[in-house]
Amino acid sequence: MKTVSAKLKCIRTLPSSLSRSYSLTPLPLNTKPIDPSSSTVLNDFVNFCYRRDLPRAMKAMVAMERHGIYADSITYSELIKCCLERNAVEQGKLVHKHVFSNGYQPKTFLLNILIGMYVKFKLLQEAQAVFDQMPERNVVSWTTMISAYANARLGGKALEFFVLMLREGVLPNMFTFSSVLRGCNGLANLRQLHCSIIKMGLESDVFVRSALIDVYSKLDKLKDAICVFNEMETKDSVVWNSIIGGLAQNSDGDEALNQFKNMKRAGFTADQATLTSVLRACTGLALLEVGRQVHVHVLKFDVDLILNNALLDMYCKSGSLEDAQSIFERMVRKDVISWSTMIAGLAQNGFSREALKLFDLMKASAVKPNYITILGVLFACSHAGLVDDGWYYFRSMKRLYGIDPGREHYGCIIDLLGRAGKLEEAVNLVQEMECEPDAVTWRTLLGACKVHRSVDLAIYVAKQVVKLDPEDAGTYVLLSNIYANSQRWEDVSEIRRVMRDKGITKDPGCSWIEVNKQIHAFILGDTAHPKINEINRRLNQLIHKLMGMGYVPDTNFVLQDLEEEQRDDSLRYHSEKLAIVFGLMSLSKESAIRIRKNLRICGDCHAFAKLVAKVESRLIVIRDPIRYHHFQNGVCSCGDYW
């Protein structure tokens, strides 16, 4: 015991620089005792590394190599950190070359540091080369490579390395599982990994459980994600964020908000990740008032770019452009996401020319547009009827910005041509698409055919939609009505027979309105709402008043086999009409009536909303799956084309 104490005392009296230089890595066997000049070089090297003086450290390293001396692994790790901080790739490669010079064999610890350096430089081939050279690989070596391939979205390679790791008898730890789960893109592999996690006894680890929730959510297996979440007795903010984020990403905004409330009740503070997910949930549900409450929590992160972008998106998609523009103008820093969100928000809400002006400002600020930016610009051109401008941006996006046109870009131009009545050009563009047109593309063209009453082309296009999406009830109904308007009753009967045989029914229209922080839902012919009798009475009074001003229900938007009076009655109780009347009853005169709808608004309800906005002097905002309609003073921001 005295001998051990004496040795420890002796070690403690060594100079700190020398203990760093010699304690961890032995010299190569063929080296001679270090002369004083070599010792000075070594000490200088150590000091330069710890002082982050990269140029002088590199010079000292060259001198060390001439003397055939080496520092310890910890010192080299400090030098590599310095290379990473300065993004000094070439210097990092020189360090790699140095530690293998003169037959020197670095330890596993240092080789792991080198692998990590190449991974952070995004040089996976070099990282793989170092990995392949290693005489011994530990769990850190394998986990670093698995994480690198998972982050590079090479999930198959990450899983391959995980299997090889097990074959070499190296046991994975919680970091290994967290990494390999990120690269998992199939349910079968996920189930096997989950079983392995349970066998290893790591299912209670926070990061493993969080990764499991993330992957189950990504694969649209929310029940499994919730099950993993509920199994954890002691939850922390990481796990809460995973489940809230997973629910929000999968459009289960109600449950995401519910879990957020539970998180707060459990005493956890919301961070950036939490609030970003909660804002996404509000965006999906178009809950403006709830979103404004979340905005209060965001104020403590006032300069956070990600949160500001999420706020911007929420306000744009809730139809509150005044709030969105206020956020945008106050943002100290704006990235391409900020600009793209605001441009798309203006375009989708019908303010196309403002969107194009903002795009000019974006270019002047030297921010390079991306795929989404150009999509917003083309959407704006479409809704402003700017055919020449739209064609220019579409044809030059590859040359000016290096962006290949995608299916969505083609869809915008087809919509633009359709609006302008250039149906032949639109059909030609569909046939010239570099990618195969999908059902959405054909539906875009179908909308143009309906507006311009091109019956023969509409029939052809509707058939293309049905081929790609046989369950699309809306197209069957539209095609049936087109046949009926053309007196083609045999074709009408055939469409109805197909719908009946396939069990296809049109989804009932549903509209939501937020009043006093509560969501009220209405469906066609609703009888469930506690105030439905008063709503129906007020609706009938309002329709009678509007009919006195020339309003006539447009029955082209219901199936043509109904008797005229039945068709009028069907239109009368559409869900958005019920929601509008409830908003008139419940909200103050100064408040906008904001409604979200699951189906595209029909022409009759569109005409109804314009007249109500004029007669009642109200702003009515209706968000349907296609776009946003701002009704004010008898006009709509969409220009009556949707």
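In which sense do strand 4 (residues 620–623) and strand 5 (residues 628–632) pair, and over how many bridges? Select both strands and take a look: the pairing is antiparallel, over four bridges. Keep in mind as you go that this is a predicted model.

**Stop 1: the sheet**

Stay with that pair for a moment and pick Arg623; its bridge partner in strand 5 is Tyr628. Now widen the selection to the whole sheet, which is open, has six strands in the order 2-1-3-4-5-6 and shows mixed pairing. Strand 2 (518–523) and strand 6 (635–636) are the edges; each has a single partner strand, so one side of each has no neighbour in the sheet.

Next, add helix 33 (residues 575–586). This helix lies across strand 1 (510–515), strand 2, strand 3 (593–597) and strand 4. Its direction runs at about 15 degrees to strand 1.

**Stop 2: an aromatic cluster**

Move on to Phe131, Trp142, Tyr149 and Phe161, which together form one aromatic cluster. Within the cluster, zoom in on Tyr149 and Phe161: their rings make a tilted pair, 5.4 Å centre to centre with 50 degrees between the planes. Tyr149 belongs to helix 9 (residues 139–151) and Phe161 to helix 10 (residues 155–167), so the pair ties together parts that are 12 residues apart in sequence. Both of these residues are buried.

Two charged side chains are worth showing here as well. The charged end of Arg137 sits over the ring of Phe131, 4.4 Å from the ring centre. Lys157 lies over the face of Tyr149, at 6.0 Å from the centre of that ring.

**Stop 3: another aromatic pair**

Select Phe328 and Trp339 for an edge-to-face arrangement, with 5.1 Å between centres and 80 degrees between the planes. Phe328 is in helix 20 (residues 321–330) and Trp339 in helix 21 (residues 336–348), 11 residues apart. Phe328 and Trp339 are both buried. Across the structure, the count of aromatic pairs comes to 18.

**Stop 4: the cysteines**

How many disulfides does a search of the whole structure find? Zero. Select Cys510 to see one free case: the nearest cysteine sulfur, that of Cys605, is 13 Å away. Cys510 is buried, with a relative accessible area of 13%.

Finish at Cys602, whose nearest cysteine sulfur, again that of Cys605, is 3.6 Å away. A disulfide needs the sulfur atoms within 2.5 Å, and Cys602 is in no disulfide. Cys602 also counts as buried, at 11% relative accessibility.

Methods. Residues are numbered from 1 along each chain as its sequence is written. This is a predicted model: local features need pLDDT of at least 70, side-chain atom pairs count only at pLDDT 80 or more; totals for chains, interfaces and linings use all residues. Side-chain values use heavy atoms; hydrogens and water are left out. Buried means under 20% relative accessible area, exposed over 50%, partly exposed in between (1.4 Å probe, protein chains only). Rings of Phe, Tyr and Trp (its six-membered ring) pair if their centres lie within 6.5 Å; planes under 30 degrees apart count as stacked, over 60 as edge-to-face and the rest as tilted. Helices (H or I, at least four residues) and strands (E, at least two) are DSSP runs, numbered from the N terminus. A charge sits over a ring if NZ of Lys or CZ of Arg is within 6 Å of the ring centre and within 35 degrees of the ring normal. Two strands pair if DSSP finds at least two bridges between them. Contact means heavy atoms within 4.5 Å. Axes are lines fitted to C-alpha atoms, for helices over the stretch in contact, and angles run from 0 to 180 degrees between N-to-C directions.
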